[in-house]
Amino acid sequence: MKKRIFSAIMMLFMSLIAVSAQRMNVIFETDMGNDVDDALAIDMLYKYHRSKKINLMAIMLNKEGEYPPRFIDLLNRWYGCKRIPIGVTSRKNNSTPSHAKNFTEVVSNMKDKKGRPLYKQLPQEYNDWKDAVILHRELLSKADDKSVTIISVGFSNNLAALLESSGDEFSPLNGPELVAKKVNRLVMMAGHMENPNYREFNVVNDVPSCRKVYNEWPTPIYTSPFELGERILYPARSIKEDFSWTKHHPIVDAYKCYLPNMEDRPTWDLTAVLYAIDPGQMFNISPAGRIQVKEKGETIFTPDPNDSHYYIYTTAEQRKQILDYFVNLITEKP
C-alpha cells in the first residue's frame with residue numbers, strides 16, 4: 001500500500017515538473033500609457049501567467065514617467081501577481097504625450113467613495129524601481145539557455161541598452177552574448193511592412209535604438225507590423241457591456257479614460273502577444289529576411305533565406321478568429 005502511495009506521489013511530482021517545464025518564460029517590454037492597447041495586451045499576459053501557460057518573469061517600462069510603474073504595480077496586485085518585478089528605463093526617448101489624458105495617472109489616482117485609493121498600489125518613487133537593463137541581466141542570467149521570449153510593444157531603448165551592457169555581478173557575458181545564450185526569440189510590435197514610406201510610432205520615437213536592435217539582436221526577430229493590428233479593431237461595445245461581473249476594473253477604467261467617446265481601437269500590441277504565446281493557426285509568417293530601419297524611421301523588409309527576421313500577417317478569416325479570441329479572453333474573469 002505504501003509503495004502504491006509513494007508511486008502515486010512520484011507520478012504527481014513528475015507531472016508537475018513536466019507542466020512547469022512547458023511554461024514559456026516571458027519578459028514584457030511596454031510603453032504603457034501611450035495607448036490603451038498596452039493595457040489590453042497586459043491583461044492577456046496576466047491570464048496566461050495565472051493559467052500557467054507562461055511564466056511572466058518581469059514587466060519592463062520603456063516609457064519614462066512617475067505613473068506607468070505605479071499603474072503596472074496596481075495591475076500586478078489587482079490580478080494577484082504582485083511578485084512580478086517591474087523595471088523602469090534610465091534611457092530617454094522621444095515619446096510624445098498621447099492625444100488623451102494619460103490613463104496611467106488617472107487610474108492610479110482614482111478614489112473610492114471614502115476618498116481612499118480605489119486600487120492598491122505601492123507608493124514608490126520612480127528611482128526606487130529597478131533599472132530595466134539591470135533587471136534584464138539578472139533574470140536572463142538565471143534562466144535556462146534559449147528559454148526566454150521577449151515581447152516588445154513599445155520603444156527599443158531598453159533592448160538597445162541591454163545590447164550595450166557589459167559583464168556584471170550577474171554574468172560575465174556582455175549584452176549580445178547574454179541575449180544569444182538565454183533568449184529564444186524577440187517578438188516586436190513595430191514598423192509597417194506594406195508601406196515603405198510609413199514611419200511607425202514605436203520606431204520614429206527612438207530610431208537609433210530601434211535600428212540597433214534590428215541590426216545587432218542575435219536571435220530571430222518576429223515583427224507584428226502596424227497594418228496587422230490596424231485591421232483588427234477591439235470593440236468598445238465589449239468594454240461597455242461585457243464586464244458586469246465586476247464593479248471596478250482597471251483595464252476598463254483605462255479604456256474609458258483614453259477613449260472617452262468609446263471608439264473601437266486597433267489591437268497592435270495584442271497581436272504581438274497573441275502570436276508570441278498562443279498563435280494557433282491564426283497567423284501567417286513571411287519568409288526569412290532582414291528588416292532595415294531607415295534614418296527617418298521607415299522599415300523595409302528584404303527576403304533573405306540566410307537571415308532571421310520575419311513578420312506576421314493575416315487573412316480576413318484569421319482576423320475574425322483573432323478578434324473573437326481577444327474578446328473572449330479579455331472579458332474572462334481573471
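The questions and answers below cover salt bridges, one helix, one loop residue and one strand of a predicted model.

Q: How many salt bridges does the structure hold?
A: A pair counts when a side-chain nitrogen of Lys or Arg is within 4 Å of a carboxyl oxygen of Asp or Glu. One of the pairs is aspartate 168 with arginine 137, whose closest N and O atoms are 2.6 Å apart. The total for the structure is 15 salt bridges.

Q: How many residues apart in sequence are the parts tied together by aspartate 168 and arginine 137?
A: Aspartate 168 and arginine 137 form a salt bridge. Aspartate 168 lies in the loop between helix 6 (157–164) and helix 7 (175–182), while arginine 137 belongs to helix 5 (residues 132–142), so the parts tied together by this pair are 31 residues apart in sequence.

Q: Is arginine 137 buried or exposed?
A: The cut-off for buried is under 20% relative accessible area. Its partner aspartate 168, at 30%, counts as partly exposed. Arginine 137 has a relative accessibility of 2%, so this residue counts as buried.

Q: By about how much of the helix are glutamate 138 and lysine 142 separated?
A: These residues form a salt bridge, with the closest N and O atoms 3.3 Å apart. Glutamate 138 is buried at 16% relative accessible area, whereas lysine 142 is exposed at 61%. Because they are 4 residues apart in helix 5, their separation is about one helical turn.

Q: Which parts of the structure does the salt bridge between lysine 181 and aspartate 145 tie together?
A: The closest N and O atoms of lysine 181 and aspartate 145 are 3.2 Å apart. The two positions are 36 residues apart in sequence, so the pair ties helix 7, which holds lysine 181, to the home of aspartate 145, the loop between helix 5 and strand 5 (148–152).

Q: How do lysine 181 and aspartate 145 count by relative accessibility?
A: Partly exposed lies between the cut-offs of 20% and 50%. Lysine 181 has a relative accessible area of 36% and is partly exposed. Aspartate 145, at 43%, also counts as partly exposed.

Q: Which residues are joined into one network by salt bridges that share partners?
A: Glutamate 138 forms a salt bridge with lysine 142. Salt bridges with shared partners make one network of Lys130, Glu138 and Lys142.

Q: What distance separates the end C-alpha atoms of helix 2?
A: Helix 2 (residues 37–50) has 14 residues, and at 1.5 Å a residue it should span 20 Å. The expected span uses one less than the number of residues. The end-to-end C-alpha distance agrees with that expectation, at 20 Å.

Q: What phi does lysine 52 take just after helix 2?
A: Helix 2 itself is mostly covered, with 13 of its 14 residues buried. Just after this helix, lysine 52 has a positive phi of about 65°.

Q: What distance separates the C-alpha atoms of glutamate 298 and arginine 70?
A: Glutamate 298 lies in the loop between strand 11 (289–293) and strand 12 (299–303), and at 17% relative accessibility it counts as buried. Its contacts include Pro196, Tyr198 and Gln292. Arginine 70 is 228 residues away along the chain, and the C-alpha separation is 33 Å.

Q: Which residue of strand 13 is the bridge partner of isoleucine 221?
A: Strand 7 (residues 221–224) is covered on both faces, with Ile221 and Thr223 buried on one side and Tyr222 and Ser224 on the other. Strand 7 pairs with strand 6 (residues 183–189) in the parallel sense over 4 bridges, and 3 bridges join it to the parallel strand 13 (residues 309–313). In strand 13, the partner of isoleucine 221 is histidine 309.

Technical notes:
Residues are numbered from 1 along each chain as its sequence is written. This is a predicted model: local features need pLDDT of at least 70, side-chain atom pairs count only at pLDDT 80 or more; totals for chains, interfaces and linings use all residues. Side-chain values use heavy atoms; hydrogens and water are left out. Buried means under 20% relative accessible area, exposed over 50%, partly exposed in between (1.4 Å probe, protein chains only). Contact means heavy atoms within 4.5 Å. Two strands pair if DSSP finds at least two bridges between them. Lists of a residue's contacts leave out its neighbours within four places in sequence.
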